[in-house]
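Reader: I have a structure open and do not know how to read it. Could we go through its features one at a time?

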Amino acid sequence: MTATDRNRAQAVLLKELREYRRRRSIIATMAILPILILIADAVAVFVVPRTTVILDARKYVVSPVLYLLLIPSVMPSTLSAYSVAGEREQGTLEPLLTTPIQRKEFILGKAAAVALPTMVLSYVVFALFLCGVALFAKTAIASATFGQGALVLALFLLAPLLAGWAIAVGMIASVKARDVRVAQQFGTLVSLPPVALILMLAAGVIHLTYLTAIIISAALLLIDYGAFQMVSRMMIPERLVMDSKPE
Amino acid sequence: MSGDGAIVSEGVRNEPALVVNQLTKRFGNRTAFADVSFEVAHGEVFGFLGPNGAGKTTTVRTLGTLIAPTSGSAIVAGIPLNPDNGVEIRQQIAIMPEAPGLYLRLTVTENLEYFAALYGLHRPDARIREALGAVNLGDRANDLCGSLSKGLRQRVSLARTLMSDPTIMFLDEPTSGLDPAAAREVHTLIVGLRQRGVTIFLTTHRLEEAEKLCDRVAILNTTLKTVGRPAALRSQLFRSSILVKVRTPLDHPGVVFDSIRSVESWHAEDPATYVLEVSDPLLAAPEVTRRLVESGADVLHMGERHRSLEDVYLALMGDVAVMTAP
């Protein structure tokens, strides 16, 4: 067996980024969701009653902060669903598979190409939101936001793990589906469980503490690992280039 | 990068580049190809012919490690075909699929840079320039692939396969869908590769293409029908014959032809055209000419009838027994 070659994964990443650059509409449409969430959150935390005190302010900030996690949960699904199905549709998958690239290198490169813009956009939006709160929100709101360490920890810890889920299941859909549109629809559907988790946290169904944040992160880490293993197992060239299962 | 796979050296150039032994691939109840055996020498252009659905592309995919064979064995570029050797084999070969498979939003150079990185090539810029030069595309290096014609895309695809300097190049229907001028350009490139000593495995259903380019051909229709040099196949399948055309039909052709010892049999293709099966055309032709003149015939044409690879192919597709020529 040959060891995984990081250069080949980097080559896949570079190629994907070049394609994004040539098709800026991909990034433009990716940015729509983060902008909408940022606007909605800004309205939620800046339009609060004058008399709000820190204790009351907590209920105004938990939901908007957690809703920021919708960005890494939902945004990658379309791109990751395109990763394999798109190559197959444009006829580039077979030439690619005839090179010495290994499935792990391919998956790593493709996943990085989706994760990179997702995480950059997510953290930029998080930073903008938190800077806005620190600079312009009422003192009670700012104190409530930064005073809840578990909330900020959850924001930065869960974001890459939720993105990992969306990317992995999007790639599973992409490997399985024969059509890009089917892959993208399936990829969007499977991003719903993380959305449900975020809603439960925001509604207080799951009480957010340091412990729950760490438990949820650990669980997501395991799920992500399992999902990427599944992608790797499913990426059988015979299955990808033919319409039949290998014997 | 090639590791243990880089075992094709001058010392083993005498070994075949490709050895296939009773290779079979089945998808459930459907047999793509069965019991296929042949060898390809280094530097040989080997034609793999067959009708659509004969199993040509599946054979290439199997030898290219994309598909696992159901049974049988193969040695590709000196490396046994098995799941553990996939990367090493793919390092030694290059496959040009029927569709060019280029990233249309990337330039020609960017496409080649990507594949150069996947092959782990050192100094890719020089390799890319060389490959583009070989396919006469140096001046289109910065064009987006989406802006190129189908013929030019096929040339970029060929440049991609050349770039890694493979031991064996698999070209799967390289002229499919190309106009005659573009197809001729691809033929010229293949001739150039042969002159450079590259081993080429060419699948095609264009018989004139195979006849023109290939040292040997194999004809596949799920099972291998034959393997050999086109000329040898012709002589194995067809006896030598002389074609005679006269202005008006002979009154008694049997009287004329049956009396010639070197004519083994004859038949009329149309009332004034006769095909004579002969053992030796050079021996038979003067005698046939004399007899025709003696009988008062106005001879319009007389010459050896040349059988094409197409005749061989059509005869074999009619299920002639499997044979092997030297």
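## Reading a helix, two sheets and an interface

Author: Begin with one helix and its surroundings. The buried residues of α5(B) are covered by elements that include β6 (93-96), α3, α4 (124-134), β7 (168-172) and α6 (180-195) of chain B. Keep in mind that this is a predicted model.

Reader: How many of the residues of α5(B) are buried?

Author: In α5(B), 12 of the 14 residues are buried, so the helix is mostly covered. Among the buried ones are Leu152(B), Val156(B), Leu158(B), Leu162(B) and Met163(B). Arginines are on the list too: Arg153(B), Arg155(B) and Arg160(B).

Reader: What span should the 14 residues of helix α5 of chain B have?

Author: The general idea first: an α-helix has 3.6 residues a turn, so residues three or four places apart point the same way. Now this case: at 1.5 Å a residue, helix α5 (residues 150-163) of chain B should span 20 Å. Its end C-alpha atoms are 20 Å apart, which agrees.

Reader: Which residue with a positive phi follows α5(B)?

Author: Asp165(B) follows α5(B), and its phi is near 50°. Two loop residues of chain B can be read in a similar way. Arg123(B) has a positive phi near 45° and is not a glycine. Arg123(B) lies in the loop between α3 and α4 of chain B. Glu173(B), also a residue other than glycine, has a positive phi near 50°. Glu173(B) lies in the loop between β7 and α6 of chain B.

Reader: Is Arg123(B) buried or exposed, and is Glu173(B) buried or exposed?

Author: Count the neighbours. A residue is buried if 20 or more other C-beta atoms lie within 10 Å of its own, and exposed if 12 or fewer do. Arg123(B) has 8 other C-beta atoms within 10 Å, so Arg123(B) is exposed. Glu173(B) has 21 within 10 Å, so Glu173(B) is buried.

Reader: Now the sheets. In what order do the strands of the sheet with β12 and β14 of chain B stand?

Author: In general, strands of a sheet pair through backbone hydrogen bonds, either parallel or antiparallel. Here 4 strands of chain B form an open sheet in the order β12-β13-β11-β14, with antiparallel pairing. At the edges stand β12 (263-270) and β14 (299-304) of chain B; each has a single partner strand, so one side of each is left without a neighbour in the sheet. From one strand to the next, the twist averages 20°.

Reader: How many bridges pair β12(B) with strand β13 of chain B?

Author: There are 6 bridges between β12(B) and strand β13 (residues 273-278) of chain B, in the antiparallel sense. One residue pair to find is Val263(B) and its bridge partner in β13(B), Val278(B). Helix α10 (residues 281-294) of chain B packs on this sheet, touching β11 (241-246), β12, β13 and β14 of chain B. The direction of α10 makes about 20° with that of β11(B).

Reader: Which strands are at the edges of the sheet that holds β2 and β5 of chain B, and what packs on it?

Author: That open sheet has 4 strands in the order β2-β1-β4-β5 (chain B), again with antiparallel pairing. Its edge strands are β2 (30-40) and β5 (79-80) of chain B, each pairing on one side only. Between β1(B) and β2(B), which run antiparallel, there are 7 bridges. Leu18(B) stands opposite Val40(B) in β2(B). Helix α1 (residues 56-63) of chain B packs on the sheet and touches β1, β2 and β4 (71-76) of chain B. The direction of α1 makes about 65° with that of β2(B).

Reader: How many helices and how many strands are there in chain A?

Author: Chain A has 13 helices and 0 strands. The radius of gyration of chain A is 20 Å, close to the 18 Å that the globule rule gives for 247 residues, so chain A is as compact as a globular protein of that length. Of those 247 residues, 44% count as buried.

Reader: How many residues of chain B are in contact with chain A?

Author: 28 residues of chain B are in contact with 28 residues of chain A. On the chain B side, β1 (18-27), α2 (86-92) and α3 (108-118) each supply at least two residues. The largest share, 5 residues, comes from α3(B). By type, this side of chain B divides into 16 nonpolar, 6 polar and 6 charged residues.

Note on methods: Residues are numbered from 1 along each chain as its sequence is written. Chains are lettered from A and ligands numbered from 1 in the order in which they are written. This is a predicted model: local features need pLDDT of at least 70, side-chain atom pairs count only at pLDDT 80 or more; totals for chains, interfaces and linings use all residues. Two residues are in contact if their C-beta atoms, placed from the backbone, lie within 7 Å. Ala, Val, Leu, Ile, Met, Phe, Trp, Tyr, Cys and Pro count as nonpolar, Asp, Glu, Lys and Arg as charged, and the others, Gly among them, as polar. The expected span of a helix is 1.5 Å times one less than its number of residues. Two strands pair if DSSP finds at least two bridges between them. Axes are lines fitted to C-alpha atoms, for helices over the stretch in contact, and angles run from 0 to 180 degrees between N-to-C directions. The radius of gyration is taken over C-alpha atoms; the globule rule is 2.2 Å times the number of residues to the power 0.38.
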